[in-house]
Each structure stands twice: as C-alpha cells, then as structure tokens.
Amino acid sequence: MYFNSLKPDYSGKISLSGIENETTVYFDDYGIPHIYAQNQYDATTALGYVHAQDRLWQMELMRRIAPGRLSEIFGKDMLKNDQFFVSLGIEEASKKSIEKLDKNGEVYKLAVAYLNGINQFIENGSTPIEFTLVGIEKEKYELNDIYNILGYMSFSFAMAQKTDPLLSVIQEKLGDAYIKELNINSDPNTTFIKNSKENIDNFTTMVASVNEIMENSPIPPFIGSNSWVVSPNKTTTGKVIFANDPHIGYSQPAVWYEAHTVTPDYEMYGYHLAGVPFPLLGHNRNYAYGLTMFENDDLDFYKEENDPADSTKYKTPNGFETYKTATKTIKVKDAEDVIITVRSSRHGPIMNDAIEAIAENEPVAMSWIYTRLEGKILDALYTISRATEMNDVKKGASMIHAPGLNIMYGDAKGNVAWWASGKLYKHNPNVNTKFILNGASGYDDPIEYLDFSSNPMAENPPWNYVYSANNQPDSIAGMLYPGYYVPEDRAKRIVQLLAPKNNWNKQSMSAMINDITSSVSPGIVKEFTEIMDYDSFSKNEQNAIDVLQLWDGSNTVDNIAPTIYNKWIYLYLKNTFENELGEKLFIQFLATHLSKRVIADQIKKDSSIWWDDITTKDKTESKKEILSKSLVEAVAFLEKQLGTDIKAWNWGKIHTLEHNHPLGKVAALKKYFNVGPFAINGTREVINNMSFDYDDSGLYKVNAGPSTRRIIDFSDIENSISILPTGESGNPFSKHYKDQAEMYNKGEFRKMKMNEEEIKSVSTILIISPKK
C-alpha cells in the first residue's frame with residue numbers, strides 16, 4: 001500500500017492555486033504529459049506540477065550542485081565537489097541575472113508559474129522514496145535554483161578544464177617537440193609562463209581533481225551531440241526533415257523530460273531539463289530546434305603572481321591589487337560545517353582555494369565567460385521556444401554567451417539553419433589559450449569580444465543541409481577558433497551519408513541516426529597492415545589481423561572486430577605515450593578529446609618522437625614495432641579474457657550500458673534503481689555514439705551517448721518520432737521508469753504525439769481545477 005502511494009498520479013482530479021481555468025493533462029501510453037490549458041501561465045503551472053511528480057529527486061540533485069549542497073545529503077564524500085562548485089561563482093552569477101530580470105516580463109512570470117507548480121507538488125504530493133532513504137526534507141524551489149541548474153549545465157559543457165593544465169605539464173616536462181607532434185598549434189613566438197616543479201605538480205593535481213569531481217557528480221555531464229537538418233530539395237516529400245541526438249552522460253533517470261503544451265495561442269512539444277521551465281529542444285507545427293555542443297574554448301587559466309611582501313595582493317598591469325574574498329559555509333551530513341574562503345583575482349576564482357590538493361603559493365585563476373558576462377540564458381530559451389519566425393531563434397541564439405552551443409533549426413516553410421552561440425573573443429596573435437596563461441602582464445588577456453555576426457553559422461546553404469558533430473568549424477574572424485573539438489569521425493560519416501543522397505525520408509533518417517559504422521577505423525587498421533610483417537605473427541594473431549582487414553567498420557554486439565580493434569588501439573596509445581607521460585598523466589590524457597584526435601593523427605606519422613620508447617636505452621622504436629607489439633599484447637589479453645576461440649570474442653560481451661541511479665551505488669538498492677546492464681551496439685565516435693573510457697580492464701562500460709534520438713518530419717508533423725534511453729519517469733514505482741529502455745537499445749522509436757484525438761484515445765486524464 002505504501003509503495004502504491006508513492007506512484008505518480010496519472011489520472012484523477014486535483015486543484016492548484018495560481019490556475020485560472022480548468023486544465024487537462026493527458027498522460028499518453030509512455031507517460032508523456034500533453035497539457036491543454038486556456039493560457040500559458042496555467043499550462044506552465046501544470047508543467048511544474050507534473051514535472052515534479054515524475055522528477056523531484058532529479059531536480060533536488062540538480063539544484064544542489066552549483067551552490068555546493070551535496071555534502072548536506074551525502075556526507076563528506078561529496079565535499080570535494082561542493083568545495084569546487086561553490087568556488088566557481090555560479091551562485092553570484094545567478095543572483096546578478098535575477099536582479100536584472102524584468103519582473104513584469106513574460107520570462108519572470110512563466111518561471112514563477114512553473115515554480116508554483118513544483119512547490120504545490122512539494123506541499124501536497126507524495127515524497128519520493130529517495131528523500132526517505134537519504135533522510136532529507138523537501139524544500140521549496142526558488143528562481144535562483146533555475147539559474148544554478150543552468151550554470152551547472154554550462155560548466156559541464158566547458159571542456160577546457162580537461163586540457164589546459166595537462167598541456168602545460170606536457171610542455172614543461174617534455175618540451176615543444178612533443179607538443180608539436182600532438183598537432184597543438186604552438187606558435188614559435190608564444191612565450192610560455194615559467195613553471196616551477198611545484199607548479200607542475202599543481203597542474204597535474206588540478207586535472208586529476210576536476211576529472212574526479214565531474215565523475216563523482218550525481219548528475220552526468222553534457223558531452224557532445226549530432227544534429228543535421230535536410231532542406232526540401234533533398235527529401236522525397238519536399239519538406240524539411242530535422243534530426244538531433246544530444247550526447248549526455250547516462251544516468252537514471254535520464255536527462256530529458258518530454259512535455260507537450262497546447263493553449264489557444266501556443267503549442268510546443270518540448271524537452272526539459274529538471275527544474276527549467278523552457279525546453280532546450282522542441283518543435284511544433286511551424287519549426288523545430290535542437291542543440292549540440294560547440295566545444296569552443298570559453299574557459300582560460302591564468303597563473304597569478306602574489307605580491308612578495310603581502311600575499312593578499314597580486315600583480316596586475318597597473319600595480320598590485322587586493323584579492324576579493326568570499327566566505328562559504330558547506331553543510332556536511334553527520335559532521336561539522338566546513339568553512340572555506342574563496343579568493344578571486346580580476347580573472348576569476350583562484351583554483352587553489354577550490355581544489356584542496358593544490359599548493360597555496362602558486363595561484364591559478366579560472367576565467368570563464370559564463371560568470372564574466374551578463375547571463376541571459378533563461379531569456380534566450382524563452383525567446384527560442386516562443387519563436388514565430390526563423391529570426392527569433394537566431395536572436396535567442398545571440399543572447400547565449402555561455403555555454404557554446406550549436407543551435408540547429410528547420411521549419412515548415414523550408415528553411416534550414418544553424419548558429420553557433422557563445423561569446424567569442426580574440427587574444428594577441430601569439431597567445432595560446434590551450435596552455436596556462438600569464439595573469440600578471442595583461443598581454444594574455446582577451447583583446448576583443450566578437451559580435452555575434454562573426455560566429456559560425458549557415459542559413460539555407462546551397463548544399464541543402466546543415467549539420468554539427470562537435471567538429472572544428474571553418475575560420476571565424478580570420479582565424480580558426482580555438483576549442484576542444486572532437487575528431488572528424490562523426491562529421492565525416494554524416495557528410496558521407498548526407499551529401500550524395502537526395503531522397504531522404506523519415507525511415508532513412510531513422511537508420512542514419514542509429515548508424516554504427518566508423519568511417520575512420522578501417523583506415524587506421526590499414527595504416528598498420530600496410531607496414532606489418534604478417535609472417536612474424538602467430539596463427540591466432542594472424543586470425544585477428546584477418547578479422548580487422550575484412551572489417552567494414554561496423555560495431556554490432558555480434559561483431560568480433562571491435563573487440564580486437566579497441567584493445568589494440570588502447571595498447572597502441574599506451575605503448576606510444578605512457579613511457580613519456582608517466583602513468584598518472586597518461587590516464588588524464590585518455591580523458592581528453594585530444595586523445596581521441598591523436599588516434600588517427602599519430603598513426604599516419606611514419607616518424608615521430610613519440611614512437612620511441614624512452615625506457616629502452618639502446619634502441620629507437622619505430623611505428624611498425626609499436627603497432628605490432630600492441631597487436632601481440634591485445635591478442636594475448638583477449639585470449640586470457642575471452643578464451644582462445646576468436647569467434648567467441650563478441651563485442652556485446654564487453655561493451656555494455658547500465659543506467660546508474662545515485663542510490664544504485666548501494667549494493668542492496670542497485671536492482672531497484674539501476675536499469676541494465678545491457679549489451680549494446682555502437683562505439684565511440686560513430687553517429688550512434690556510445691562513449692566509454694579506455695583503461696586496462698578490457699571492459700567498455702558505456703558512460704555517455706544519445707540522450708534522445710528525435711526526427712521531425714514537416715511533411716507529417718504529427719507522426720514525428722523519438723525515444724528516451726530509459727523512460728519518462730524518475731519514480732522507480734512508475735510503469736514509465738524504464739519502459740523505453742529495450743526499444744532504445746534496439747534503435748526503435750515511438751511517436752511524439754500531437755494529434756488531439758489520438759492522444760485522447762491512449763491516455764489517462766488528470767484534471768486540474770483552480771483552488772477555491
């Protein structure tokens with residue numbers, strides 16, 4: 001009985017204050033709410049209520065990250081996370097945005113209506129089981145919670161913290177020749193800051209700590225995405241087809257909450273983040289929009305120089321200035337409060353205060369566009385989700401300074417477009433922002449912020465499609481814009497499929513968004529097989545080479561080649577880079593986009609400083625030796641792991657997906673909260689991007705991938721299709737907790753229903769009346 005009382009109410013009658021007219025919510029056969037209301041305020045209040053009843057625990061975690069309130073519920077295990085996030089300045093940025101928000105404007109009024117709906121569920125609805133198990137009280141939601149959630153999302157997009165300190169360490173440890181071979185554009189005129197051994201240890205610790213913090217976060221980071229929009233000239237129907245699958249870390253519940261809203265003056269089928277009133281992805285009968293990550297560099301690190309006579313001051317181009325300080329209190333479950341002091345320089349917060357393990361005497365500041373410029377991201381999401389023409393979406397895109405996003409667009413009139421949002425900026429010509437910069441001189445500071453019109457964009461291009469796969473865009477303002485772009489694998493495959501074909505329809509798009517063929521891997525294999533000495537290998541090693549040579553790059557669960565290929569690639573990276581970098585740095589290197597880009601770049605180099613194993617004194621290893629050694633070691637490892645019969649080395653045995661709930665870490669709760677594990681098709685950097693980390697284990701546990709796959713066909717808008725990785729509900733007692741998981745794994749879809757009669761025919765009904 002108790003468990004029944006915890007289920008969401010998908011039918012019946014309730015009354016809510018702040019609603020003017022009776023509002024009806026139809027929950028369809030996948031638990032997706034279709035909200036029919038007389039005005040947008042009533043619809044948004046209802047949305048807040050139903051969103052909370054399915055996802056209140058997720059909202060709770062999301063709102064606690066930026067203000068450093070996870071230790072309050074999980075204890076001292078989360079102290080590192082809290083100390084880090086509380087130092088970033090997200091809360092202060094939220095406060096500023098709220099102060100500037102027009103309290104008579106629609107953005108404010110609709111946000112308040114949404115919060116009103118959430119808070120009435122908190123007061124009157126059942127308490128999610130997680131609150132009871134963890135032992136926390138429900139608290140009302142406020143406007144700053146919305147902004148803090150968007151701030152966390154923005155930070156998780158900022159890949160920069162993964163490589164700036166790392167590259168400074170490599171440059172200092174090994175020198176320019178090694179950096180150059182990683183294809184980092186290092187200008188010979190660049191003056192690198194002088195680093196002591198202590199600095200190098202600091203930078204190494206900084207990378208390790210940020211990686212650990214992001215991995216421990218109970219809400220997964222946003223990592224990448226694909227999207228493409230095809231114009232009427234390339235479809236069988238003469239109408240636009242739109243596809244988008246944002247790649248996000250897997251978790252349970254999954255990231256998006258779908259909701260369809262209909263009022264006399266507004267309709268939107270949207271995808272919402274927990275605690276955010278306006279959808280980040282959406283479509284209606286007139287237009288569709290989605291997003292991918294731009295991966296531009298919007299986060300720089302500066303080494304500050306303390307005043308030798310007074311450590312409360314630091315050097316600037318105009319003499320010494322005093323650090324700004326703020327005191328933060330972190331509440332810790334079953335322990336004393338922790339009080340920290342955060343210093344900020346003119347560039348931003350001092351990382352030494354944010355990450356306990358970094359030594360005090362060499363301060364490094366983090367400059368992040370999100371906290372430096374006025375934040376209008378909520379206004380931008382409102383503008384984009386309420387557009388009446390293409391230019392409204394463009395205007396919304398121009399309002400986002402951070403995070404860097406590619407806003408993708410298609411409409412019923414036949415327009416296709418993409419705009420890169422994000423405030424871009426220029427440095428002096430020989431400043432390389434991929435390294436830690438000099439904070440004292442002023443020379444390394446940005447010299448110019450670019451107008452939005454300089455951002456990369458394409459509107460109705462003559463080639464009749466637009467696409468994005470987190471790859472490097474063409475030059476901007478006369479330069480290739482610095483960023484943390486991924487290799488060209490997915491972009492290359494998307495163009496390979498889109499360009500020649502002019503008869504696209506919904507079915508062929510569905511196949512494409514589930515594509516698991518690598519256009520790059522067979523070429524990488526060829527680099528090895530063209531120089532190897534086949535007869536020098538044992539019979540089983542030759543069998544493995546035969547499998548790789550015959551491989552078309554496909555990654556199904558039954559395939560053998562991906563098993564051999566991924567172990568060989570990992571060992572090629574390890575045998576090439578670990579002897580120079582050392583074990584710790586090598587592990588950090590594997591966590592960056594850089595290591596993904598290096599796979600294809602390095603293997604093409606017949607001679608490279610990296611091929612030599614510096615631990616062997618009397619010889620210089622060649623590319624052929626390193627790649628052959630890696631193949632021998634890969635086969636030996638797999639024989640031990642999976643047996644000597646190569647035919648039994650199926651990819652699905654070691655490539656698996658489990659959707660982890662934060663409470664699934666407790667062994668006794670795992671089977672109730674986690675979904676999976678499942679053997680899964682796909683791999684890293686194919687269109688159906690199933691991301692995993694390389695390590696010694698020989699297991700490829702997928703940790704990120706498509707957070708939805710959605711295809712919108714303007715010739716048949718009511719039958720557009722989508723899927724979520726697990727289900728619409730975050731409530732483990734709901735039948736919609738994991739009812740889409742098997743379909744998702746198989747690459748199947750369901751409708752995003754918009755036809756009122758069809759919706760009514762499959763739905764349960766919740767009637768919301770005004771509270772007297």
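Two strands count as paired if DSSP finds at least two bridges between them. Strands (E, at least two residues) and helices (H or I, at least four residues) are DSSP runs, numbered from the N terminus. The model is predicted: local features need pLDDT of at least 70, side-chain atom pairs count only at pLDDT 80 or more, and totals for chains, interfaces and linings use all residues. Residues are numbered from 1 along each chain as its sequence is written, and side-chain values use heavy atoms, with hydrogens and water left out.

**Exercise 1. Strand β24 and its partners**

Task: State which strands pair with β24, in which sense, and how far β24 is covered.

Solution.
- Step 1. Locate the strand: β24 spans residues 655-659.
- Step 2. Take β25, residues 675-679: 3 bridges join β24 to β25, and the two run antiparallel. The bridge partner of H659 in β25 is V675.
- Step 3. Take β26, residues 700-702: β24 pairs with β26 in the parallel sense over 3 bridges. Here H655 stands opposite Y700.
- Step 4. Check the cover. Buried means under 20% relative accessible area, exposed over 50%, and partly exposed in between (1.4 Å probe, protein chains only). Of the 5 residues of β24, 4 are buried, so the strand is mostly covered.

**Exercise 2. Two hairpins in succession**

Task: Trace the pairing from β11 through β12 to β13, and give the number of residues in each connection.

Solution.
- Step 1. β11 (residues 306-307) and β12 (residues 310-316) pair in the antiparallel sense over 2 bridges.
- Step 2. N306 has Y314 of β12 as its bridge partner.
- Step 3. The hairpin from β11 to β12 runs through 2 residues.
- Step 4. β12 also pairs with β13 (residues 319-322), again antiparallel, over 4 bridges. In this pair T316 stands opposite G319 of β13.
- Step 5. β12 and β13 form a hairpin with 2 residues between them.

**Exercise 3. A sheet of 3 strands**

Task: Give the strand order of the open sheet that contains β10, and name its edge strands.

Solution.
- Step 1. The order is β16-β10-β20, and the pairing is mixed.
- Step 2. The edge strands are β16 (364-368) and β20 (437-438), each of which pairs on one side only.
- Step 3. For the parallel part, 2 bridges join β10 (residues 299-303) to β20. The bridge partner of Y302 in β20 is L437.

**Exercise 4. The surroundings of M408 and N119**

Task: For M408 and N119, find the element, the burial and the contacts beyond the sequence neighbours.

Solution.
- Step 1. M408 lies in strand β17, residues 405-411. Its relative accessible area is 0%, so M408 is buried.
- Step 2. Contact means heavy atoms within 4.5 Å. Not counting residues up to four places away in sequence, M408 touches several residues, including S227, F242, Y289, W418 and Y467.
- Step 3. Add a distance: M408 and N361 are 47 residues apart along the chain, and their C-alpha atoms are separated by 45 Å.
- Step 4. N119 belongs to helix α6, residues 106-124. N119 is also buried, with a relative accessible area of 9%.
- Step 5. Leaving aside neighbours within four places in sequence, N119 is in contact with K140 and Y141.
- Step 6. The C-alpha atoms of N119 and E142, 23 residues apart along the chain, are separated by 9.0 Å.

**Exercise 5. An enclosed helix**

Task: Decide whether α14 is largely enclosed or open, and list its buried residues.

Solution.
- Step 1. α14 covers residues 377-385, and 8 of its 9 residues are buried, so the helix is largely enclosed by the rest of the structure.
- Step 2. The buried residues are I377, L378, A380, L381, Y382, T383, I384 and S385.

**Exercise 6. The whole chain**

Task: Compare the radius of gyration with the globule rule, then describe the overall fold in numbers.

Solution.
- Step 1. The radius of gyration is taken over C-alpha atoms, and the rule is 2.2 Å times the number of residues to the power 0.38.
- Step 2. For 772 residues a compact globule would have a value near 28 Å; the protein has 26 Å, which agrees.
- Step 3. The C-alpha atoms fill a box of roughly 90 × 70 × 55 Å along the principal axes.
- Step 4. The protein has 26 helices and 31 strands, and 63% of its 772 residues count as buried.
- Step 5. Among contacts between residues at least 6 apart in sequence, 71% join residues at least 24 apart.
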